[in-house]
2 protein chains.
Amino acid sequence: MKTIKDYIVQNVRDTGPIELPFGTKQKIAAKDHVLTDYGQFETSVYFIQSGVVITTLLYREEQRILDFHFPESFCASYSSLLTATASDIRLTCYKDCVLEVVDYEELQRCYQTSLLANQLGRIATEQLYVTRVQREKELLTMTAEQRYESLLKKNPGLVRTIPIKDLSKYLGVRPESLSRIRRQ
Amino acid sequence: MKTIKDYIVQNVRDTGPIELPFGTKQKIAAKDHVLTDYGQFETSVYFIQSGVVITTLLYREEQRILDFHFPESFCASYSSLLTATASDIRLTCYKDCVLEVVDYEELQRCYQTSLLANQLGRIATEQLYVTRVQREKELLTMTAEQRYESLLKKNPGLVRTIPIKDLSKYLGVRPESLSRIRRQ
């Protein structure tokens, strides 16, 4: 299982010893455990060591899946962290998870003085940003069918393991439509 | 007209003298000037001192407006910068602009050692990220009418100065539908 230190070696700097400028705690959470709920103020950033986390949004009392988060990436209710408002998304463990947890208050203190903390924060945010832009472009320009194909190309493993009812919540189509698309 | 230094004082750190770790150039560009075109590799980051820049995306030979960028914010074809791929968006001066230009290669060199460069890069990316997430949520959950109302609330000045044909390209509705929404 990869750690935040491994993420740094792979994405931030690959030479010299790495001393994390903040503490982390390991959290083991079972499938369906809610990490952050609608209306809560986010206090942590999670690095997924194993498992899958989903972020959902309520839309007319229906859950829409914003994203699936996989090992070796960060997740949190970022908008809640960055704008200090109550979260309008929910983070749920979609499978049993092992998470490395960073306290955001401590991270912010590190941001005052630590080059490494800022490099890590910048690069992790850049990666999140690119993912979001990609998804926005797809929502603006692709049909559900094309978005399904794009997902299949990017993440064949995901498409195999995730039930059609959840995939359809992610793609924003009805399960019957997705079944039809799949058959084609 | 505000500069990148002013942005740093306002958003990054508000004490002590600020020495930019990279050089910047001022660029004066007329309305309709294309800063970065489809297929180009982005090489700069722009800080808007005055004017408005739009980013557009081609969708079935039609231009869709991804965003309007206003003074005191950064813009660039970020996905091109961050993934070193050809740009799939175009940046155009929507009005006459004065821009402060940062060379991305130089910025990347600064990211190796400069705390301030990384703090600036992190915070500017965080702000961009929050904006994108907001827009994605609106695309997923709001009707064109609600998105128009949300834009009106956030940016009444924009709605006043931008022609209905461009607003409709941003909202993803036909101009006639937008006129109808406006009358209501």
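A salt bridge is taken here as a side-chain nitrogen of Lys or Arg within 4 Å of a carboxyl oxygen of Asp or Glu. In this predicted model, a search of the whole structure finds 18 such contacts over all chains. A few of them are worth a closer look.

One salt bridge joins the side chains of B:Glu72 and B:Lys2, with an N to O distance of 3.9 Å. The two partners come from distant parts of the chain, 70 residues apart: B:Glu72 sits in the loop between strand 5 (62–69) and strand 6 (74–75) of chain B, while B:Lys2 belongs to the segment before helix 1 (4–11) of chain B. B:Glu72 is partly exposed, its relative accessible area being 37%, and B:Lys2 is likewise partly exposed, at 33%.

A second pairing brings B:Arg132 together with B:Asp67 at 2.8 Å, N to O. B:Arg132 lies in helix 4 (residues 115–141) of chain B and B:Asp67 in strand 5 of chain B, so this salt bridge ties together parts that are 65 residues apart in sequence. Both ends can be placed by their accessibility: B:Arg132 is buried, with a relative accessible area of 7%, and B:Asp67 is buried, with a value of 8%.

Helix 4 of chain B also holds a local pair. Here the side chains of B:Arg122 and B:Glu126 meet in a salt bridge of 3.1 Å, N to O. Because these residues are four apart in helix 4 of chain B, about one helical turn separates B:Arg122 from B:Glu126. Both B:Arg122 and B:Glu126 are buried. Turning to chain A, A:Lys165, A:Asp166 and A:Lys169 form one network through salt bridges that share partners.

Methods. Residues are numbered from 1 along each chain as its sequence is written. Chains are lettered from A and ligands numbered from 1 in the order in which they are written. This is a predicted model: local features need pLDDT of at least 70, side-chain atom pairs count only at pLDDT 80 or more; totals for chains, interfaces and linings use all residues. Side-chain values use heavy atoms; hydrogens and water are left out. Helices (H or I, at least four residues) and strands (E, at least two) are DSSP runs, numbered from the N terminus. Buried means under 20% relative accessible area, exposed over 50%, partly exposed in between (1.4 Å probe, protein chains only).
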